[in-house]
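Colleague: I am new to this structure and would like a close look at a single part of it, followed outwards to whatever it meets. Please take your time and explain each term as you use it.

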Amino acid sequence: MISRRAILAATLLGLPASSLFAQAAPMLDGYDPVAYFIDGAPRLGNTAHSLDWNGRRWHFASPANRDAFAADPARYAPQYDGNCAWAVAEGYLAPVDPHAWAIVDGKLYLNANRRIQRRWERDIPGFIARAETNWPGLRNN
C-alpha cells in the first residue's frame, strides 16, 4: 500500500502520484542498470534482453549486460530497490529519474530528479549514512 507520505513526497518532487502505482513497469523505466557501470551513462534496455529478478522485470541493452547482471545482481542493482537515495535518507520512498544518478564506491544511486540530485550531492556520505539507517524500516513499505 502506498502511504500518504509517499504521495505527498511525489507531489512535492513534481512527480505524478500515479507513478507510485506502476508496479507492472520495468525497473528503472526500462533502463539497463549495467550500462551505468559499463557505458558510464543511462542506456535504454530492450525487452528482448529482459530478466526477472527480485520480483521485478529488468531490461538490458544487450545479452552480455543481462548475463553480467544475472551473474551478480547485487553488483549492478541500484541501491534502495531503485528508490530515490535522497528520499530514503529523508525517511520516505520516491520514484526516480534514470538520468539522475551516481556511482559511489561501486554502487548505483538514483535520485528523483536532477534538482534533488544536486541537493544529495551536497553531502553524499551523510545522506548515504542516513539512508542506510532508514532503509530497513522502509524496504517493506
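Modeller: Let us start from Ile128, which counts as buried with a relative accessibility of 16%, where buried means under 20% relative accessible area, exposed over 50% and partly exposed in between, computed with a 1.4 Å probe on protein chains only. A word on the source: this is a predicted model, in which local features need pLDDT of at least 70 and side-chain atom pairs count only at pLDDT 80 or more, while totals for chains, interfaces and linings use all residues. Residues are numbered from 1 along each chain as its sequence is written, and side-chain values use heavy atoms, with hydrogens and water left out.

Ile128 belongs to helix H7; here helices (H or I, at least four residues) and strands (E, at least two) are DSSP runs, numbered from the N terminus. If we set aside neighbours within four places in sequence, Ile128 is in contact (heavy atoms within 4.5 Å) with Tyr80, Val104, Tyr109 and Trp120. One of these partners, Val104, is 24 residues away along the chain, and its C-alpha atom is separated from that of Ile128 by 9.7 Å.

Another partner, Trp120, leads us to helix H6, where Arg119, Trp120 and Glu121 meet Ile124, Phe127 and Ile128 of H7. Sorted by class, this contact has four nonpolar, no polar and two charged residues, with Ala, Val, Leu, Ile, Met, Phe, Trp, Tyr, Cys and Pro counted as nonpolar, Asp, Glu, Lys and Arg as charged, and the others, Gly among them, as polar. The axes of H6 (residues 114-121) and H7 (residues 124-138) come within 7 Å and cross at roughly 100°; such axes are lines fitted to C-alpha atoms, for helices over the stretch in contact, and the angles run from 0 to 180 degrees between N-to-C directions. H6 and H7 are therefore roughly perpendicular to each other, since angles of 65 to 115 degrees are given that name, those under 35 counting as roughly parallel, those over 145 as roughly antiparallel and the rest as oblique.

Within H6, the residues Ile116, Gln117 and Trp120 are buried. They span an arc of only 105° around the axis, which places them on the same side of H6, the arc being that of the directions from the helix axis to the C-beta atoms. As background, an α-helix has 3.6 residues a turn, so residues three or four places apart point the same way. The cover over the buried residues of H6 includes helix H5 (85-90), strand S3 (97-104), strand S4 (107-111) and H7.

Strand S3 also holds Trp101, whose contacts, not counting residues up to four places away in sequence, are Tyr36, Gly40, Ala41, Pro42, Leu108, Tyr109, Leu110 and Gln117. Trp101 and Asn111 are ten residues apart in sequence, yet 6.1 Å apart in space from C-alpha to C-alpha.

To set this part in its surroundings, the protein has seven helices and four strands, and 44% of its 141 residues count as buried. Among contacts between residues at least 6 apart in sequence, 54% join residues at least 24 apart.
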